[in-house]
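This report walks through selected features of one protein model, moving from its cysteines to a sheet and then to a pair of helices. Please keep the sequence and the coordinates at hand while reading.

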Amino acid sequence: MQRHLISAADLTRDDAVLILDTAEEMARVADRPIKKLPTLRGRTVVNLFFEDSTRTRISFEAAEKRLSADVINFTAKGSSVSKGESLKDTAQTLEAMGVDAVVIRHGASGAPYRLATSGWIDAAVINAGDGTHQHPTQALLDAFTMRRRLIGRDAGLGEDLSGKRITLVGDVLHSRVARSNVDLLHTLGAHVTLVAPPTLVPVGVESWPCEVSYDLDAVLPKSDAVMMLRVQRERMNAAFFPTEREYSRRYGLDGDRMARMPEHAIVMHPGPMVRGMEITAEVADSPRCTVVEQVANGVSIRMAVLYLLLGGNEPAVSHARANASEEK
């Protein structure tokens, strides 16, 4: 594994499969009465969040605490950032406190890369989402969920997603989740199709390792997994489609459209969902929808990433069991 996790495009197939397999081990920890490993005892991890977050922030915090790390939570609101402090000064403040890893979410694309390569801080940097650029742990947890559902929990060990057909639907233009998933799913051998209104497809998408379609109904019958993306109004500065009703009619997933998908196919969403817009309540609450599963898997994936970046390369759970038997 590399020192930092900045982009899903930086991962090789072997890197990605190692993370997925390690996460499978970490998921077994969640089934125990005591959900803790001593792996990162004595290590300090800072969650540096300049943007609002629920799932990602809580998921990283849960992962860090389950690995016994010391956790410091930082939010821009109520900090010196609101007084005008720069990213460099914030980073150097953390460096002075001796942190071992920084999990950063920032509104500016490229901020985690800048933090990792600037020399401001000597710590592992994990990108928890930067602008419209990348969100690598989200792509990893999505791939983990797909592998579990489409191949199997045990059958999937050591496997990638070769031959699987994945469709991403919605606001691709503003979506760091879409960019990360296209990169990672391509690395894992999946066939990816983007479906969106022409106004929400990025310039230069023809160079991405995926296909583009504007017809959701034509793509659904041959999809193994369909991921709905939220329309990110907070990043929009223009009218990208006439009305919400028209968007929902053409690009929303309802019960009728879900019925056209293959029987084994799953519906995914990175959250937060806008029910009635890109997904109806009927679909969101159906057994084929993996939204809650994705949140649970996110903790396992983030435990795996933290372990591999900070803890070592030997199997995490068996290593912990060996320590436990020695202590007895």
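The structure, which is a predicted model, holds zero disulfides. A disulfide is a covalent bond between the sulfur atoms of two cysteines. For two of the cysteines the surroundings can be stated: C210 has a relative accessible area of 17%, and C289 has one of 11%. Since buried means under 20% relative accessible area, C210 therefore counts as buried, and C289 is likewise buried.

We turn next to the sheet. Five strands form an open sheet in the order β7-β6-β5-β8-β9, and their pairing is parallel. The edges are formed by β7 (211-213) and β9 (266-268), each of which pairs on one side only, while the twist from one strand to the next averages 25°. Strands of a sheet pair through backbone hydrogen bonds, either parallel or antiparallel.

Within this sheet, strand β8 can be followed in some detail. Strand β5 (residues 165-169) runs parallel to β8 (residues 225-228) and is joined to it by four bridges, whereas β8 and β9, also parallel, are joined by three bridges. The residue pairs that can be named are set out below.

| Residue | Residue it pairs with | Strand of the second residue |
|---|---|---|
| T167 | V226 | β8 |
| L168 | M227 | β8 |
| M227 | M268 | β9 |

M227 thus stands opposite L168 and has M268 in β9 as its bridge partner. Are the two faces of β8 covered or open? Both are covered: A225 and M227 on one side, together with V226 and M228 on the other, are all buried. Helix α6 (residues 176-187) lies across β5, β6 (191-195) and β8, and its direction makes an angle of about 170° with β5.

The last feature is a contact between two helices. Helix α5 (residues 136-150) packs against helix α11 (residues 291-311) at an angle of about 115°, with the axes 8 Å apart, and the crossing of the two is right-handed. On the α5 side the contact involves T137, Q138, L140, L141, D142, F144, T145, R148 and R149, which meet E293, Q294, N297, G298, I301, R302 and V305 of α11. What is the make-up of this contact in nonpolar, polar and charged residues? The residues divide into five nonpolar, six polar and five charged, with L140, L141 and F144 in α5 and I301 and V305 in α11 among the participants.

Technical notes:
Residues numbered from 1 in each chain as written. Predicted model: local features only at pLDDT ≥ 70, side-chain atom pairs only at ≥ 80, totals over all residues. Heavy atoms only, no water. Axes fitted to C-alpha atoms, helices over the stretch in contact; angles between N-to-C directions. Left-handed = near helix turned anticlockwise from the far one by under 90°. Contact = heavy atoms within 4.5 Å. Nonpolar A, V, L, I, M, F, W, Y, C, P; charged D, E, K, R; others polar. Disulfide = S-S within 2.5 Å. Buried < 20%, exposed > 50% of the residue type's maximum accessible area, 1.4 Å probe, protein only. Pairing = 2+ DSSP bridges.
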